Amino acid sequence: MNAIIIGILLPLLGTMLGSAFVFFMKKEIPDRMQKTLLGFASGVMVAASVWSLLIPSIEMVSESVLPAAIGFLAGIAFLLLIDELTPHLHIGAETAEGPKSKLSRTMMLALAVTIHNLPEGMAVGVVFAGEAQGLTLSAALAVSIGIAIQNIPEGAIISMPMHAEGNSRMKSFLIGTLSGVVEPIGAVAILLLAGVLGVALPYLLAFAAGAMMYVVVEELIPETAQGTHTNLSTIGFAMGFVLMMVMDVVLG
């Protein structure tokens, strides 16, 4: 039980650590660093989606790949629907969709991060729920640690622009931290439903993978491909992907 609690809270702690960068860095993240961090986050999420979610989903139903395919597409569709229905500011965007006031910009940025973090929290809950169906505790912790590492740059990418817009360092830190609260909430919700949804676990694993991949394709990769220093985002992606892959194999 203690390991599960730690695993659920680790992603939030990663977000808090990244948000704390606002206390000892300049108002803006250098473009080179931002591209590298976004690329790194993308690599971690893609590797986690494949090794920690999709492959276990397929292995649970060895006679068919259909649950993994259905779950993956459902995860994509779910985030696409939320993205369409919720006005928000894309990560790293310079202009907002909607009103231009500071309050609306702050709220839309918070909504974007909530959309981003929701599938990560679900992924953590699903892998810990999967212990009863063959997933090991170490494999579940690998997912949690990987997402926590990914959340460090994400927290900084949220809190630093908030401070650059004129918010205090403490307020920027708190907003960055609060953006990660949805993750343990999502994880706990999945765990509470695990007993009822046990037979649906392969679908849920793939669903979380699809939702995470949507975030990478819709939010992170387009941002890393803009402007200069795009090669640094590629290097960051490779580092994040390999790190998560090694962690999943070694700990799994």
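Accessible areas here come from the Shrake-Rupley method with a 1.4 Å probe. On that basis, the chain in this predicted model exposes about 11100 Å². Carbon and sulfur atoms supply 74% of that area. As for the inside, 51% of the 252 residues of the chain count as buried.

The fold is easy to sum up: the chain has 9 helices and 0 strands. Reading along the sequence simply gives α-α-α-α-α-α-α-α-α. Contacts reach well along the chain, too. Taking the contacts with a separation of 6 or more, 86% come from residues 24 or more positions apart.

One helix pair gives a closer look at the packing. Two packed helices are described by the angle between their axes and the distance between the axes. Helix α5 covers residues 137-164 and helix α9 covers residues 230-251. Their axes come within 8 Å and cross at roughly 160°. Angles over 145 degrees count as roughly antiparallel, so α5 is roughly antiparallel to α9. The crossing of α5 past α9 is right-handed.

On the α5 side, the contact is made by Ser138, Ala139, Ala142, Val143, Ile145, Gly146 and Ile149. Helix α9 brings Leu243, Met244, Met247, Asp248 and Leu251 to the contact. Sorted by class, the residues where α5 meets α9 are 9 nonpolar, 2 polar and 1 charged. Asp counts as charged, so the charged residue in this contact is Asp248 of α9. Ser138 and Gly146 of α5 are the polar ones, because Gly counts as polar and Ser falls among the others.

Terms used:
Residues numbered from 1 in each chain as written. Predicted model: local features only at pLDDT ≥ 70, side-chain atom pairs only at ≥ 80, totals over all residues. Heavy atoms only, no water. Axes fitted to C-alpha atoms, helices over the stretch in contact; angles between N-to-C directions. Helix = DSSP H or I, 4+ residues; strand = E, 2+ residues; numbered from the N terminus. Parallel < 35°, antiparallel > 145°, perpendicular 65-115°, else oblique. Left-handed = near helix turned anticlockwise from the far one by under 90°. Contact = heavy atoms within 4.5 Å. Buried < 20%, exposed > 50% of the residue type's maximum accessible area, 1.4 Å probe, protein only.
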